[in-house]
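Hi,

Here is the structure I promised to pass on. Have a look at it first, and then read my notes underneath.

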Amino acid sequence: MPDIAAAFLGLTIPLGAVAIGLGAFSVGRAWLLMKKSVPMRRSAAAERFAMFLCAPCATVAVLTLISSAKDPSGFVIAAALAQLAFAAAGLALYFTSRRPLSEAFAAIALGIFAIITGFSMGAYIAPLAVAMGVLANHHLRVERRVPDRLS
């Protein structure tokens, strides 16, 4: 069991970076698809799960900002502000017509969260962040409607 935990610890930052990359790719892809007004495959359950993850990310970012007020560190403040911005954007977009972007922003916020929390809790959050990035990409597939062959 310690070997598995050690492997997760070593992969925390790379997996967080992969999640941020997948989320950024999803944002760009969703933006292009929405610009073309192409129907996208959506999942209400996955979007709700993304919002369930965005809320704790935003809370942790606020708590990180409050705790870093005593001993300000430029990297921690910048990372917490970026995490808060992406989590808030994901939460805000959930209630608009640009809902598919919310999963991508959740993946970015989780990736930043995994990197900030580093080798304590981040090791267990990083695989979840990558899964959210893959889910965001999966749900941005364009639905291809196959015409009926009998008609």
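Below is what I found, going from the overall fold down to single residues.

One thing to keep in mind: this is a predicted model.

The overall picture is quickly told. The protein has five helices and zero strands, so along the sequence the pattern reads α-α-α-α-α. Of its 151 residues, 37% count as buried. Among contacts with a separation of 6 or more, 77% join residues that sit 24 or more positions apart. On the outside, about 8600 Å² is exposed, and carbon and sulfur atoms supply 70% of that area.

Now for the inside. The largest nonpolar core has 20 residues, and the members that touch the most others are C57, L110 and M132. Three helices each supply at least two residues of this core: α2 (44-67), α4 (100-117) and α5 (122-139). L110 is a good place to start looking. Sequence neighbours within four places aside, L110 is in contact with L53, C57, I125, L128, A129 and M132. There is also a second, separate core of ten residues, with A30, F105, I112 and L140 among them.

Helix α5 deserves a closer look. Its 18 residues should span 26 Å at 1.5 Å a residue, and the end C-alpha atoms are 25 Å apart, which agrees. The buried residues of α5 are G122, A123, I125, A126, A129, V130, M132, G133, A136, N137 and H139. When you go through that list, it helps to remember a general point: an α-helix has 3.6 residues a turn, so residues three or four places apart point the same way.

Then there is a pair of neighbours in helix α1. T12 lies in that helix, and I13 has its place there too, within residues 2-35. Is T12 buried or exposed? T12 counts as buried because its relative accessible area is 0%, below the 20% cut-off. Leaving out neighbours within four places in sequence, T12 is in contact with A114, G118, F119, G122, A123 and A126. Of these partners, G122, A123 and A126 are also on the list of buried residues in α5.

I13, on the other hand, is partly exposed, because its relative accessibility is 42%, between the 20% and 50% limits. I13 joins L9 and F119 in a nonpolar patch on the surface, and together the three have about 280 Å² of accessible area. F119 therefore turns up twice: in this patch, and among the contacts of T12.

Shout if you'd like to go through any of this together.

Cheers

Key: Residues numbered from 1 in each chain as written. Predicted model: local features only at pLDDT ≥ 70, side-chain atom pairs only at ≥ 80, totals over all residues. Heavy atoms only, no water. Patch = residues over 30% accessible without salt bridge, like charges linked within 9 Å, V, L, I, M, F, W, Y side chains within 5 Å. Areas by Shrake-Rupley, 256 points an atom, 1.4 Å probe, with all protein chains shown as cover. Salt bridge = Lys/Arg side-chain N within 4 Å of Asp/Glu carboxyl O. Helix = DSSP H or I, 4+ residues; strand = E, 2+ residues; numbered from the N terminus. Buried < 20%, exposed > 50% of the residue type's maximum accessible area, 1.4 Å probe, protein only. Contact = heavy atoms within 4.5 Å. Core = buried A, V, L, I, M, F, W, Y, C linked by side-chain atoms within 4.5 Å. Expected span 1.5 Å × (residues − 1).
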